[in-house]
Amino acid sequence: MPKPSLVVVVVEDDRHRMLVYRYLRKRGLSPHQIRTKPSPSGRGSAEQWVRTMFAAEVKEYRIRLAKAATADATALIVMIDADTHTLQERLAQLSKTLRECGMHAIGDRERIVQLVPKRNVETWILCLNGHPVDEARDYRGKRDDWNEMIPSAAEALF
């Protein structure tokens with residue numbers, strides 16, 4: 001599949017941003033092809049912000065796609081932790097957000113990726129680094145070396 005000229009990444013926090021960014025760089029995208037939009041810290045619920053931005057960015061994605069010379073010109077990635085919800089519940093919330101904004105569901109041909117780590121991105125970082133994990137457990141406050149683990153996690157993901 002050809003590389004897009006622009007990938008918009010909507011994420012809850014810095015760890016999401018760093019993992020997706022490093023993965024995209026491994027895929028060969030340059031920094032100017034990646035536009036990240038992390039939730040503003042200290043301004044309410046990050047997952048609610050992601051759901052709101054998801055609808056706005058899907059709309060923008062579809063506008064960019066309509067104007068582009070090829071369907072490969074743009075892509076959208078949204079990453080939102082499942083937290084205590086199931087994967088299906090979190091995906092249903094994202095779909096509901098689109099419906100509430102009068103938009104149709106994500107189509108099979110649209111280059112829109114919805115990443116939902118269960119329980120949170122720290123679970124993925126540990127797993128990608130070869131650690132045993134339990135998706136029901138919250139690992140967020142258990143380590144202080146998360147940022148150091150992200151490069152190897154992105155490599156494993158690649």
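Which residue forms a salt bridge with lysine 37, and how far apart are the closest N and O atoms? The partner is glutamate 57, with the closest N and O atoms 2.5 Å apart. Glutamate 57 lies in helix H2 (residues 46–67) and lysine 37 in strand S2 (residues 34–38), so the pair ties together parts that are 20 residues apart in sequence. Helices (H or I, at least four residues) and strands (E, at least two) are DSSP runs here, numbered from the N terminus.

A quick word on the ground rules. This is a predicted model, where local features need pLDDT of at least 70 and side-chain atom pairs count only at pLDDT 80 or more, while totals for chains, interfaces and linings use all residues. Residues are numbered from 1 along each chain as its sequence is written, and side-chain values use heavy atoms, with hydrogens and water left out.

**Salt bridges**

Side chains of opposite charge can pair when their charged atoms come close. With a salt bridge taken as a side-chain nitrogen of Lys or Arg within 4 Å of a carboxyl oxygen of Asp or Glu, the count comes to 13. Among them are these:

| Acid | Base | N to O distance |
|---|---|---|
| glutamate 57 | lysine 37 | 2.5 Å |
| glutamate 155 | lysine 26 | 2.8 Å |
| glutamate 122 | arginine 140 | 3.7 Å |

Glutamate 155 sits in helix H5 (residues 146–157) and lysine 26 in helix H1 (residues 14–26), so this pair ties together parts 129 residues apart in sequence. As for glutamate 122 and arginine 140, they also belong to a network of salt bridges with Arg15 and Asp81.

How open are these side chains? Buried means under 20% relative accessible area, exposed over 50%, and partly exposed in between (1.4 Å probe, protein chains only). Glutamate 122, at 0%, counts as buried, and so does glutamate 57 at 3%. Their partners count as partly exposed: arginine 140 at 34% and lysine 37 at 21%. Glutamate 155 is partly exposed at 41%, as is lysine 26 at 38%.

**The sheet**

Strand S2 also belongs to an open sheet of four strands, ordered S2-S1-S3-S4 with parallel pairing; two strands pair if DSSP finds at least two bridges between them. S2 and strand S4 (112–115) stand at the edges with a single partner strand each, so one side of each has no neighbour in the sheet. S1 (residues 6–11) and S2 pair over five bridges, and valine 7 has isoleucine 34 in S2 as its bridge partner.
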